[in-house]
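Open the model in your viewer and keep the sequence panel visible. The stops below are given in the order in which to select them.

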Amino acid sequence: MQTFTTTAALTAAINEAKQANRTIGLVPTMGALHEGHLSLIRRARQENDLVVVSIFVNPIQFNNKEDLAKYPRTLEADCAAAASAGADIAFAPSVEEMYPEPVTTVYHFGPIEEVMEGPRRPGHFSGVAVVVRRLFDLTQPTRAYFGEKDFQQIAIIRNLLEQIKYPIELVPCPIVRADDGLALSSRNMRLSPEARAVAPNIYATLVQAVEMSEYEDVESVRDWVLDTLSTFHEVNSLPNGLRFEPEYFEIVNDTTLQPINDWNDAPGVVGCIAVWLDGVRLIDVIRFLPEEE
Ligand code: AMP
């Protein structure tokens with residue numbers, strides 16, 4: 001695997017691949033690679049001639065300076081992991097290399113950015129769109145791989161592709177979880193051992209919510225998830241003031257991302273949650289409808 005830090009070196013390699021009519025798979029990441037990222041790289045490896053993994057902590061998608069400062073950076077280990085999963089190129093530019101000019105572009109996405117992460121992370125999705133478009137321009141991928149853990153982000157990228165009319169196939173990939181159910185995330189490494197031990201209760205609560213959806217209405221299920229997590233520390237007397245603080249839990253149409261009121265409102269329904277635990281913001285997604293195969 002080759003590691004490039006400049007756009008010039010990446011562009012040369014891409015031009016060569018394009019001339020040889022090779023298909024290109026792009027896996028955009030912010031590094032601190034775990035099995036979730038590696039599943040995307042392995043899928044890209046199966047489906048493309050050339051696999052490019054970008055490793056770039058994109059400052060313009062962080063609306064919280066502390067989150068940006070604390071974001072884990074493990075480039076050497078990332079390159080080894082990306083290579084072992086089959087990547088051909090790791091592209092790890094500096095901020096100056098990625099953005100030689102100040103970024104002035106602002107993207108708008110309408111209703112799909114007015115829910116869930118959108119209002120809580122102002123500017124986040126525009127910042128994501130700017131970096132993803134830049135990566136698309138630089139790598140000209142045949143396919144681009146994104147994880148369903150960031151469910152709303154996939155809808156945003158789909159909308160971006162419609163706006164910019166690039167013929168890139170967007171490939172959504174399933175969430176990879178730890179054995180205890182916690183969705184893998186680069187932010188998990190910031191959890192204390194005590195917090196890591198209780199964190200799987202987010203997924204456990206979502207799984208119970210899906211069972212409950214067979215006999216309870218949407219609003220009851222939604223309220224139950226929020227109540228269960230908000231009161232978890234009282235019911236289970238957690239140590240060191242540990243507690244779950246849910247920011248939102250929304251049960252939404254999986255295409256429009258708008259909240260539903262009735263289980264029959266949409267053919268595809270997912271629940272998306274953001275929860276604070278131990279100073280770390282964790283997100284997860286569960287499918288309600290249709291049944292997973
Ligand atoms: P990030 O480095 O967090 O920006 O993530 C890079 C890509 O990996 C995004 O498309 C994420 O949705 C995806 N990803 C992150 N965590 C997981 C996971 N646990 N399972 C599957 N994909 C993931």
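**Stop 1: after strand 9**

Select proline 290, which is found in the segment after strand 9. Helices (H or I, at least four residues) and strands (E, at least two) are DSSP runs, numbered from the N terminus. Residues are numbered from 1 along each chain as its sequence is written. This is a predicted model, in which local features need pLDDT of at least 70, side-chain atom pairs count only at pLDDT 80 or more, and totals for chains, interfaces and linings use all residues; side-chain values use heavy atoms, with hydrogens and water left out.

The peptide bond that joins leucine 289 and proline 290 is cis, with omega about -15°. Most peptide bonds are trans.

**Stop 2: the antiparallel sheet**

Select strands 7, 8 and 9: they form an open sheet in the order 7-8-9, and the pairing is antiparallel. Two strands pair if DSSP finds at least two bridges between them. Strand 7 (244–253) and strand 9 (280–289) are the edges; each has a single partner strand, so one side of each is left without a neighbour in the sheet. From one strand to the next the twist averages 15°. Axes here are lines fitted to C-alpha atoms, for helices over the stretch in contact, and angles run from 0 to 180 degrees between N-to-C directions.

Strand 8 (residues 269–277) pairs with strand 9 over 9 bridges. For one position, show tryptophan 276, which stands opposite arginine 281 in strand 9.

Next add helix 10 (residues 201–212), which packs on the sheet and touches strand 7, strand 8 and strand 9; contact means heavy atoms within 4.5 Å. The direction of helix 10 makes about 20° with that of strand 9. Helix 11 (residues 218–230) also lies across strand 7, strand 8 and strand 9, and runs at about 160° to strand 7.

**Stop 3: the parallel sheet**

Move to the open sheet of 6 strands, where the order is 1-4-3-2-5-6 and the pairing is parallel. What is at its edges? Strand 1 (2–4) and strand 6 (169–173) stand there, each with a single partner strand, so one side of each has no neighbour in the sheet. The twist averages 25° from one strand to the next.

Within the sheet, select strand 2 (residues 24–29) and strand 5 (residues 143–147), which run parallel and are joined by 2 bridges. Leucine 26 stands opposite alanine 144 in strand 5. Helix 8 (residues 151–164) lies across strand 5 and strand 6, at about 175° to strand 6.

**Stop 4: alanine 32**

Select alanine 32, in the loop between strand 2 and helix 2. Alanine 32 has a positive phi of about 50° although it is not a glycine. Most residues other than glycine have a negative phi.

**Stop 5: the ligand**

Select the ligand and the 17 residues that surround it, each with a heavy atom within 4 Å. The closest are His37, Gly147, Asp150, Val176 and Leu184. Helix 2 gives the largest share of the shell, 3 residues; strand 2, helix 2 (35–47) and strand 5 each supply at least two. The shell divides into 9 nonpolar, 6 polar and 2 charged residues, where Ala, Val, Leu, Ile, Met, Phe, Trp, Tyr, Cys and Pro count as nonpolar, Asp, Glu, Lys and Arg as charged, and the others, Gly among them, as polar.

Finally, display these distances:

- 2.6 Å from a polar side-chain atom of aspartate 150 to an oxygen atom of the ligand.
- 2.9 Å from an N or O atom in the side chain of histidine 37 to an oxygen atom of the ligand.
- 2.9 Å from a polar backbone atom of methionine 30 to an oxygen atom of the ligand.

The protein covers 93% of the 480 Å² of accessible area (Shrake-Rupley method, 1.4 Å probe) that the ligand has on its own.

Definitions and conventions: Polar contact = N/O pair within 3.5 Å; in protein donor to acceptor, adjacent residues only side chain to side chain.
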